[in-house]
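Work through these exercises with the model open. Each task is followed by a stepwise solution.

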Amino acid sequence: MDMTPMVDLMCLLLTFFMLVGAFNKPKVMEIVLPDKIKKDQKVDPPKIAESRTLNIILGPDDKVFWYGGKADATSQPPLFETNFSATGIREVLLDRNKALFDKIVQFKNDVKTGKLDIKQDSLANAIRQLKKEDDTGPIVLIKAYKTSKYKDFVDIIDEMSIVGIATYILVDINYVEQGMVEAKLGLSRTTAPLTQK
Amino acid sequence: MPTKSPRIDMTPMVDLFALLLTFFMLTSVFTPQEPAPIDTPFSVSEKPKPDANIMTVVLSADNRVFFNVDNGQDTILHYRPQILKEMGKRYNIEFTPQELRKFEKYPASFGVSIHDMKKYLNTEDAKVKEILEKGVPIDSVDNQFGYWVFYTRQINPAVQALIKGDGNVEYPLVKKVLDVLQDYNVSRFSLITNLQAVTVDVTGAKK
């Protein structure tokens with residue numbers, strides 16, 4: 001009996017199922033948001049050192065804007081435009097987070113070369129501890145302009161974990177920042193100022 | 001010179017093939033087709049997606065919201081029909097046992113208003129289903145999505161929230177979904193992404 005056709009078919013099916021099994025593995029990225037403050041609750045806003053704050057604003061067409069410090073109606077720091085490439089926003093973040101980033105890399109290397117002997121699951125804990133102790137790295141405020149995309153949002157949070165930023169938080173974009181972005185993009189203002197309502 | 005090629009006994013090879021084939025067929029889990037194509041963004045995260053106790057919010061590129069929830073760790077738990085029953089109570093819709101069973105077995109995420117749910121479950125016509133799939137209402141006037149999250153968490157307290165979004169979804173919709181999740185005290189959730197490894201220069205920041 002000639003078994004060749006049957007073997008051919010089985011071979012094909014086998015390859016198919018092997019590939020389906022191998023490529024079907026989605027990953028997840030966990031984020032934790034702070035609890036929402038209820039309306040009747042009075043909470044003092046946390047005090048953040050202005051020199052450590054780094055504001056990142058996600059813009060349209062994969063553009064990213066950033067500025068340091070604080071922007072209000074009277075004084076606006078210069079807004080820089082960059083992108084998601086390796087020499088874009090990552091360089092800005094690395095530059096500011098160098099102390100912590102080096103510590104994490106050093107620690108991982110020590111583990112890899114056997115200088116430090118710890119279990120795999122305590123590695124994540126140790127890195128979390130390093131992040132907790134850090135008091136020089138930037139506090140990143142992530143804001144999104146209304147025409148930005150979900151992709152940018154995922155990218156920027158991803159960037160945070162690549163660079164090992166200890167503290168970052170999602171914040172709503174405010175009126176002044178919207179104006180700064182629109183000025184940079186060369187758009188006319190699309191939102192009326194709150195005072196003119 | 002031989003005129004006939006020698007015969008090779010292929011039986012052991014075929015046996016092995018059959019074994020492997022059965023193994024891969026039984027272990028492979030088919031993810032059901034999403035109602036809309038979702039092109040998830042990339043990240044460096046290597047954490048695999050959990051298998052059970054999940055509710056998934058699917059955001060399609062045309063800014064529709066879909067919802068999906070699993071039946072729990074065991075099939076005897078029957079979370080899905082319980083959630084639908086609670087939703088029905090909330091909106092004064094009585095679902096028949098057949099409809100509840102159909103909902104339990106429904107594999108993909110759904111994007112229909114609760115008022116269209118009966119029609120959606122009772123039709124087999126893919127075209128009718130597609131018309132009904134306008135997305136789960138999420139605006140503040142009719143926040144059905146919020147109630148889905150609420151009842152899911154009530155029935156299955158161990159549930160984890162997952163967001164599966166197309167890269168081109170506009171941020172305001174993402175923000176809205178995050179706001180609703182936060183309103184219902186879900187502050188820990190995961191974004192479904194594809195893995196893409198990135199290497200960062202070990203010497204750290206430039207210079």
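**Exercise 1. The contact between the chains**

Task: Find how many residues of chain A are in contact with chain B, and sort them by element and by class.

Solution.
- Step 1. Count both sides. In this predicted model, 43 residues of chain A are in contact with 48 residues of chain B.
- Step 2. List the elements on the chain A side. Those that give two or more residues are helix H1 (4-23), strand S1 (27-32), helix H2 (89-96), H3 and helix H5 (150-163) of chain A.
- Step 3. Pick out the main contributor. H1(A) supplies nine residues, the largest share of this side.
- Step 4. Sort by class. The chain A side has 25 nonpolar, four polar and 14 charged residues.

**Exercise 2. A strand pair across the chains**

Task: State which way S1(A) and strand S6 (residues 188-195) of chain B run, parallel or antiparallel, and how many bridges join them.

Solution.
- Step 1. Count the bridges. There are six between S1(A) and S6(B).
- Step 2. Read the direction. The two strands run antiparallel.
- Step 3. Fix the register with one pair. Val28(A) has Ile192(B) as its bridge partner in S6(B).

**Exercise 3. The surroundings of S2(A)**

Task: Determine how many residues of strand S2 (residues 53-58) of chain A are buried, then place its partner strands.

Solution.
- Step 1. Apply the burial cut-off: 20 or more other C-beta atoms within 10 Å of a residue's own. Five of the six residues of S2(A) are buried, so the strand is largely enclosed by the rest of the structure.
- Step 2. Take one partner. Strand S5 (residues 139-144) of chain A runs parallel to S2(A), with six bridges. Here Leu58(A) stands opposite Ala144(A).
- Step 3. Take another partner. Strand S3 (residues 64-68) of chain A is antiparallel to S2(A), with five bridges. In S3(A), Leu58(A) has Val64(A) as its bridge partner.
- Step 4. Inspect the hairpin. Five residues lie between S2(A) and S3(A), and Asp61(A) has a positive phi near 50 degrees.

**Exercise 4. The domains of chain A**

Task: Give the bounds of the domains of chain A, and describe where they touch.

Solution.
- Step 1. Set the bounds. Domain 1 of chain A covers 50-94 + 138-196, and domain 2 covers 98-136.
- Step 2. Locate the centres. The C-alpha centres of domain 1 and domain 2 of chain A are 29 Å apart.
- Step 3. Count the contact. Four residues of domain 1 of chain A are in contact with six residues of domain 2 of chain A.
- Step 4. Class the domain 1 side. It has three nonpolar residues, one polar and no charged.

**Exercise 5. A helix and its end**

Task: Compare the span of helix H3 (residues 98-113) of chain A with the expected value, then say what follows the helix.

Solution.
- Step 1. Take the span. The 16 residues of H3(A) reach 22 Å from first C-alpha to last.
- Step 2. Compare. At 1.5 Å a residue, 22 Å is expected, and the span of H3(A) is close to that.
- Step 3. Move past the end. Gly114(A) follows H3(A) and has a positive phi, near 90 degrees.

**Exercise 6. The overall form of chain B**

Task: Describe chain B by its elements, extent and contacts.

Solution.
- Step 1. Count elements. Chain B has seven helices and six strands, in the order α-β-β-β-β-α-α-α-α-α-β-α-β.
- Step 2. Test against a globule. The radius of gyration of chain B is 23 Å, against near 17 Å for a compact globule of 207 residues.
- Step 3. Box the chain. The C-alpha atoms of chain B fill roughly 85 × 65 × 35 Å along the principal axes.
- Step 4. Check burial. In chain B, 29% of the 207 residues count as buried.
- Step 5. Check contact range. Of the contacts in chain B with a separation of 6 or more, 66% join residues 24 or more positions apart.

Notes: Residues are numbered from 1 along each chain as its sequence is written. Chains are lettered from A and ligands numbered from 1 in the order in which they are written. This is a predicted model: local features need pLDDT of at least 70, side-chain atom pairs count only at pLDDT 80 or more; totals for chains, interfaces and linings use all residues. Helices (H or I, at least four residues) and strands (E, at least two) are DSSP runs, numbered from the N terminus. The expected span of a helix is 1.5 Å times one less than its number of residues. The radius of gyration is taken over C-alpha atoms; the globule rule is 2.2 Å times the number of residues to the power 0.38. A residue is buried if 20 or more other C-beta atoms lie within 10 Å of its own, exposed if 12 or fewer, and partly exposed in between; C-beta atoms are placed from the backbone. Two residues are in contact if their C-beta atoms, placed from the backbone, lie within 7 Å. Domain bounds come from an automatic or database domain assignment. Ala, Val, Leu, Ile, Met, Phe, Trp, Tyr, Cys and Pro count as nonpolar, Asp, Glu, Lys and Arg as charged, and the others, Gly among them, as polar. Two strands pair if DSSP finds at least two bridges between them.
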